[in-house]
Amino acid sequence: MHTLLKRTAPALALLALAGCQPELDAPGADKGSADFSRYISVGNSLTAGFSDGGLYLEGQQSSYPNLLAGQFKAVGGGDFAQPLFQAGQENGSGYLRLAGFTATGNPITANVTTNLAVRTTTPQVLYTRYDAAVNNLGVPGIRLSDIQTPGYGSQLGNPYFERITPAANPLQTYFLRVKAEAATATFFTCWLGNNDVLGYATAGGVLNATSSNAITRTDTFQLKANRIINVLTANGAKGVVATIPNVANVPFFTTVRVAAIKATFKASNPALSLYIQTSTGVREATDADLLTLTSSAVIGTATPGNPFPVGAGVGTATGQSNPLPSQFVLDAAEQTLVRDATTAYNTSLTAKANEKGLAIFDANAFFSQIAATGFTTDGVSNTAAFISGNLFSLDGVHPTPRGYAIVANEMIKAINAKYGSSVPQVNPTDYRGVRFP
């Protein structure tokens, strides 16, 4: 650096003497073959800006579509409307905050319950309506299999979709809403399908009473993916299609480790080990089993009438165990179902995107890389570690604002590569990771 300064100093001195100012050529922004004048985003909680187990104003403002729209303005992008929660109700649905740490270093979280945007709790929790125009159509919880379900946006349906569904047309499907917006859109992002497998995984492979968290059939997924991409491109719009990440790579499944739990048990009694309930019975856990983040609240707690704490035991032959319930474990067989479905989903999404000549953000490959090696930006190291890694929020599944900024940049890379554009990137270090108390 010093050598460079010595070599350039004479030239700068000459410029100063001549009264001239050096002109530096900044990289030019160019839209390439894309048209960003009306951008819409289609997706689920990731698109809406969900974070820390809830949807609230800061997360909405840090959503990757909003960050993209801000960058698109440099290349002709237009206004981008989001269904933001207003001041006084900025905490939206409520969310988790980090309240501190235990003496052993385990995080303590608390629910934020003030300044919510709840308008009623009957027949279920409903949020303050947003009846203005919307470009960000992200709906937390929506599955690709849900997009043509009439009433999904009714007061008995998804409350996040209900708040943006026209009051005069409460049975309008998500597909028809997207179709209406796509009629005038020139560019789109589409990141749907995560919830078609995520609900099953986070429930430890245990189906709920209505089986609404079952893994979507791959032929149904392909049919709905083709329909939504067909309607998005029907009027010539270009865009980006994102693949589905392997959910086993997120902190929700990688923070509580079998080996660490076994070590804790054995420290109190060398005969103890970790036992789990599976669909085929009770067995000792192995390192191949994934424990959910929520299991940390129940492992080791006392069960009245059982001499062993939850998860502990000395063997199954005599029934001497108190196995961890199945909803807290994604065992090897369940992981195979999740992985196979994810692979099939991504094959469908990629094939359709290629058929339509669209850009592809391979979120599965990207988040696999994050899990393996982390991600460095502007000299700052970020990893998939819970809390300390900067990228994942307190729910262990959704990104922090910095994580969303990095996602926005990866989409920009895909856009620039496909459409010959030069959309500038955001600076991820301008955005926070987990907020400490």
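# Helix packing and strand pairing in a predicted model

Author: In this predicted model, helix α7 (residues 195-202) packs with helix α11 (residues 332-356) at an angle of about 170°, and their axes lie 10 Å apart.

Reader: Why are α7 and α11 called roughly antiparallel?

Author: Angles over 145 degrees count as roughly antiparallel, and the angle between α7 and α11 is about 170°, so the two helices are roughly antiparallel to each other. From α7, the residues Asp196, Val197, Tyr200 and Ala201 take part, and they meet Glu334, Leu337, Val338, Ala341, Thr342 and Tyr345 in α11. Sorted by class, this contact of α7 with α11 holds seven nonpolar, one polar and two charged residues.

Reader: What makes α6 and α8 roughly parallel or roughly antiparallel?

Author: Helix α6 (residues 174-182) and helix α8 (residues 218-233) pack at an angle of about 20°, with 8 Å between their axes. Angles under 35 degrees count as roughly parallel, and α6 and α8 are therefore roughly parallel to each other. In passing α8, helix α6 makes a right-handed crossing. Phe175, Val178, Lys179 and Ala182 of α6 make the contact together with Arg227, Ile228, Val231 and Leu232 of α8. By class, the contact of α6 with α8 has six nonpolar and two charged residues, and no polar ones.

Reader: What is the relation of α4 to α13, and what makes it so?

Author: The angle at which α4 and α13 pack is about 50°, with their axes 8 Å apart. That makes α4 oblique to α13, because 50° is not under 35 degrees, not over 145 and not in the span of 65 to 115, and the rest count as oblique. The crossing in which α4 passes α13 is right-handed. Tyr64, Leu67, Leu68, Gln71 and Phe72 of α4 make this contact with Tyr404, Ala405, Val407, Ala408, Met411, Ile412 and Ile415 of α13. The residues of the contact of α4 with α13 divide into 11 nonpolar, one polar and no charged.

Reader: How do you know that helix α4 is mostly covered?

Author: Seven of the nine residues of helix α4 (residues 64-72) are buried, where buried means under 20% relative accessible area. Those buried residues are Tyr64, Pro65, Leu67, Leu68, Ala69, Gln71 and Phe72, and they pack against β1, α2 (45-48), α3 (57-61), β6, β7 and α13 (401-419).

Reader: Why is strand β1 described as largely enclosed by the rest of the structure?

Author: Five of the five residues of strand β1 (residues 39-43) are buried, so the strand is largely enclosed by the rest of the structure. In a regular strand the side chains alternate between the two faces of the sheet. Both faces of β1 are covered, with Tyr39, Ser41 and Gly43 buried on one side and Ile40 and Val42 buried on the other.

Reader: Which strands pair with β1, and in what sense?

Author: Strand β7 (residues 187-191) runs parallel to β1 and is joined to it by five bridges, with Val42 standing opposite Cys190 in β7. Strand β6 (residues 136-138) also pairs with β1 in the parallel sense, over three bridges, and here Gly43 stands opposite Gly138 in β6.

Reader: What makes β10 and β13 edge strands?

Author: Four strands form an open sheet in the order β10-β9-β12-β13, with antiparallel pairing. At the edges stand β10 and β13 (320-321), each with a single partner strand, so one side of each is left without a neighbour in the sheet. Strand β9 (residues 273-278) pairs with strand β10 (residues 281-284) over four bridges in the antiparallel sense, and the two form a hairpin with two residues between them. Strand β12 (residues 312-315) and β13 are antiparallel and joined by two bridges, with Gly315 opposite Gln320 in β13. Helix α10 (residues 258-268) lies across β9, β10 and β12, running at about 130° to β9.

Reader: Why does Glu162 count as buried or exposed?

Author: Glu162, found in helix α5 (residues 159-162), has 4% relative accessibility and so counts as buried, since the cut-off for buried is under 20%. Not counting residues up to four places away in sequence, Glu162 touches Arg119, Leu126, Tyr127, Arg129, Gly153, Ser154 and Gln155.

Methods:
Residues are numbered from 1 along each chain as its sequence is written. This is a predicted model: local features need pLDDT of at least 70, side-chain atom pairs count only at pLDDT 80 or more; totals for chains, interfaces and linings use all residues. Side-chain values use heavy atoms; hydrogens and water are left out. Axes are lines fitted to C-alpha atoms, for helices over the stretch in contact, and angles run from 0 to 180 degrees between N-to-C directions. Contact means heavy atoms within 4.5 Å. Ala, Val, Leu, Ile, Met, Phe, Trp, Tyr, Cys and Pro count as nonpolar, Asp, Glu, Lys and Arg as charged, and the others, Gly among them, as polar. Two strands pair if DSSP finds at least two bridges between them. Buried means under 20% relative accessible area, exposed over 50%, partly exposed in between (1.4 Å probe, protein chains only). A crossing is left-handed if the near helix is turned anticlockwise from the far one by less than a right angle, and right-handed if clockwise.
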